[in-house]
Amino acid sequence: MKTIIEMKKVSKVYDLGDVAVNALRGINIEIKRGEFVAVMGASGSGKSTLMNIIGCLDQPTTGDYYLDGVNINDLSSNELADIRNQKIGFVFQVFNLLPRTSALENVELPLLYDRSGLAKDPRKGATWALNRVGLGDRISHEPHQLSGGQRQRVAIARALVNQPEIILADEPTGNIDTRASIDLLSVFQKLNDQGNTIVLVTHEKDIAEYAKRIINLRDGYIVNKKIVKKRRSALNDLENWQDEEEKIQVDYEK
Amino acid sequence: MKWKNIFLIAFRSILKNRMRSLLTSLGIVIGVCSVIVMVAIGEGSQAKVKEQINSLGTNLLIIFPGISHAGGVSRGAGSLNRLSLDDAEKIAEEAKYIDAVSPMVMTGAQVIGGGNNWMTSINGVSIDYPKIRDWELASGEFFTEQDIRSRRKVAVLGKTIADNLFPGQDPIGERIRIRNTPFKVIGVLSEKGQNARGMDEDDLVLAPSTTVLYRLKGRRWVNMIFARAASADQMDAAKKEAENLLRESHRIEPKEEDDFGVRDQTEIIQMATETSRTLTLLLGAVAAVSLIVGGIGIMNIMLVSVTERTREIGIRLSVGARNTDVLVQFLTEAVALSLTGGLIGIMLANCVAFLLNRFTELNPVINPGIVLLSFAFAAVVGIFFGFYPARKASNLNPIDALRYE
């Protein structure tokens with residue numbers, strides 16, 4: 001498979017005046033097309049910084065980052081914007097949907113900034129993406145009319161709509177309950193099965209086990225990289241979850 | 001990237017905050033509206049003054065007596081009066097560009113007739129006078145060349161005099177007395193109304209110039225001479241001609257100053273409208289200031305909006321908006337707000353002008369040039385005051401913007 005992300009000795013130093021914070025220290029990563037990678041680490045481990053660099057929101061202080069064969073360090077801010085538009089789809093912990101804006105218009109957004117000329121009909125594209133995350137019947141709902149899980153699905157649809165190389169999810173389950181989290185992971189797993197490359201940042205081991213591979217970060221270093229042996233299936237867990245719910249229900253009735 | 005999309009984004013954003021957008025535009029609405037209405041009121045009064053001066057007659061030249069100086073002290077207008085009936089006659093006979101001339105001999109006197117009396121102004125004029133003033137008779141007839149030569153005691157009454165001396169009667173053929181001299185009423189003038197200074201134009205009696213000069217005043221000099229140029233394009237030539245003829249008849253050496261003055265109607269109109277033009281300018285300037293204040297209002301809201309929408313800007317940047325896209329979006333919002341405000345302001349101005357016309361003495365005249373100008377000014381205000389907030393928005397760092405709480 002083709003390599004999408006390649007990082008060579010990537011470091012990031014934040015200069016806070018008196019002190020310099022080393023967020024990343026010589027990271028080497030390679031992610032191929034079709035992978036589902038979870039980046040794990042406690043807060044302060046540098047995973048958000050890594051995420052920002054992968055997502056071309058930030059650039060490394062030293063080292064090289066190749067995205068789809070292009071060295072990001074050489075690009076202007078306009079070119080970075082175009083890469084974010086074409087090759088990357090973001091899903092954030094806090095949803096980051098535009099308020100008082102329908103799901104459809106939220107999902108349309110990346111297509112409106114499309115300069116490649118591929119996005120012919122934003123409305124059609126957005127409807128397609130919302131259907132893929134199972135929200136085809138909620139296109140005119142505004143974020144406040146949707147549950148946390150549904151909002152995050154809208155965010156995923158927005159990430160999908162430009163058919164990017166990678167979907168980057170930064171703690172996507174951080175603000176929703178467990179059941180909705182597993183539901184959401186089933187969406188990611190389905191997308192991955194259909195060929196999408198997914199990078200998921202999380203600090204929860206449970207969540208990371210739905211990915212195919214885990215990269216552990218601590219204090220800006222990679223501690224280890226491992227293949228997930230007993231990968232969890234979100235769909236199965238959901239079925240079991242229903243059983244559990246019934247069990248609780250039965251207990252209560254007794 | 002299609003421009004259409006950026007405009008779409010900007011307009012969606014405006015419509016999402018309808019109330020705020022409306023309030024933001026309000027400054028511009030009031031600014032544009034007041035500029036248009038103020039200038040319209042000013043121009044309306046200017047037009048009124050102009051109209052009143054034109055009621056003096058068209059293509060009019062007025063020849064005044066000169067000013068005498070005694071050792072550097074000016075004795076004031078009319079102090080050097082050497083205008084005579086002969087001067088008027090000479091102009092009437094010799095000038096090519098002047099087709100009507102009338103001397104004006106003025107005196108004030110009590111008029112007694114029909115058992116009533118009235119203090120009024122007695123004007124001695126020539127037979128050309130009604131032609132020059134564009135003034136028709138309501139009844140009877142005007143005096144003739146023969147009446148003037150014979151200094152006949154005939155009079156034509158202004159409407160006010162006729163109504164006051166002979167209420168409800170036909171004054172033609174009646175006798176009146178002016179300073180104990182009996183006159184026969186031969187005509188009544190049509191109504192002319194008030195002049196530019198608010199004086200009643202119909203409060204006068206016209207009589208042959210010679211009669212007034214020799215029988216009532218007993219002096220040589222006339223107060224002024226009215227002359228009418230044959231056409232509007234010949235005003236300058238006519239003025240020059242009158243000056244030359246008078247210098248000749250007064251035997252003024254080439255280096256000497258005129259002992260008379262000639263004013264044409266355009267000058268009079270200019271003088272009279274000067275004040276109201278200054279006033280228009282002042283009103284317009286004050287209103288323009290309110291337009292600028294409106295612009296600052298837009299800047300204020302846009303700046304607040306940039307802070308409030310920092311996260312939104314972060315989201316846009318993260319999905320691939322370029323900095324210029326954000327700049328154009330915010331600039332478009334500012335300009336759209338000011339243009340909408342401008343349009344509403346123009347509509348409001350028309351309503352206000354209509355109401356003023358209907359319910360007040362003011363007759364505002366809306367100038368399309370000012371409408372366009374104020375609209376363009378609103379656009380410029382939008383761009384000028386929208387640029388700083390837009391720039392601030394576009395310079396945000398996507399990571400900081402996304403993290404902003």
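Helices here are DSSP runs of H or I with at least four residues, numbered from the N terminus. With that in hand, a tour of this predicted model can start at helix α8 of chain A, which spans residues 234-253. Glu245(A) lies in this helix, and with a relative accessible area of 41% the residue is partly exposed. Glu245(A) has company on the surface: together with Glu239(A), Asp243(A), Glu244(A) and Glu246(A), it makes up a patch of negative charge.

A patch of the opposite sign is found on chain B. Here Arg151(B), Lys153(B), Arg175(B), Lys184(B) and Arg215(B) gather on the surface as a patch of positive charge. One of these residues, Arg175(B), belongs to strand β7, which covers residues 175-178 of chain B. At 55% relative accessibility, Arg175(B) counts as exposed, because the cut-off for that class is over 50%.

Charged side chains also pair up. Over all chains, the structure holds 31 salt bridges. A good one to look for in the 3D view links Lys16(B) with Glu105(A), whose closest N and O atoms are 3.0 Å apart. Lys16(B) sits in helix α1 of chain B (residues 3-16) and Glu105(A) in helix α3 of chain A (residues 103-112), so this pair joins two chains. Lys16(B) is partly exposed, its relative accessibility being 27%.

Within chain B, another salt bridge brings together the side chains of Arg316(B) and Glu312(B), at an N to O distance of 2.8 Å. Both residues belong to helix α10 (residues 310-318) of chain B, and because they are four residues apart in this helix, about one helical turn separates them. Arg316(B) is buried, at 4% relative accessible area, and Glu312(B) is likewise buried, at 14%. Both values fall in the buried class because its cut-off is under 20%. Returning to the contact between the chains, Glu105(A) and Lys16(B) are part of a wider arrangement: salt bridges that share partners join these two residues with Glu108(A) and Arg12(B) into one network.

Chain A offers a further example in Lys205(A) and Glu209(A), whose side chains meet in a salt bridge of 3.1 Å, N to O. Lys205(A) is partly exposed, with a relative accessible area of 49%. That value does not reach the exposed class, because exposed means over 50%.

Two other residues of chain A help with finding the way around the chain. Ser76(A) is placed in the loop between β5 (70-71) and α2 (77-87), and at 35% relative accessibility this serine counts as partly exposed. Its C-alpha atom is separated by 21 Å from that of Leu168(A), a residue 92 positions away along the chain. Helix α2 of chain A also contains Asn85(A). Asn85(A) is buried, with a relative accessibility of 2%. Between the C-alpha atoms of Asn85(A) and Lys229(A) the separation is 34 Å, and these two residues are 144 apart along the chain.

Finally, chain B can be viewed as a whole through its domains. The domain assignment gives domain 1 as residues 2-52 + 272-403 and domain 2 as residues 83-258. The C-alpha centres of these two domains of chain B lie 57 Å apart.

Technical notes. Residues numbered from 1 in each chain as written. Chains lettered and ligands numbered in written order. Predicted model: local features only at pLDDT ≥ 70, side-chain atom pairs only at ≥ 80, totals over all residues. Heavy atoms only, no water. Patch = residues over 30% accessible without salt bridge, like charges linked within 9 Å, V, L, I, M, F, W, Y side chains within 5 Å. Areas by Shrake-Rupley, 256 points an atom, 1.4 Å probe, with all protein chains shown as cover. Salt bridge = Lys/Arg side-chain N within 4 Å of Asp/Glu carboxyl O. Lys, Arg positive; Asp, Glu negative; His and termini not counted. Charge placed at Lys NZ, Arg CZ, Asp CG, Glu CD. Buried < 20%, exposed > 50% of the residue type's maximum accessible area, 1.4 Å probe, protein only. Domains from an automatic or database assignment.
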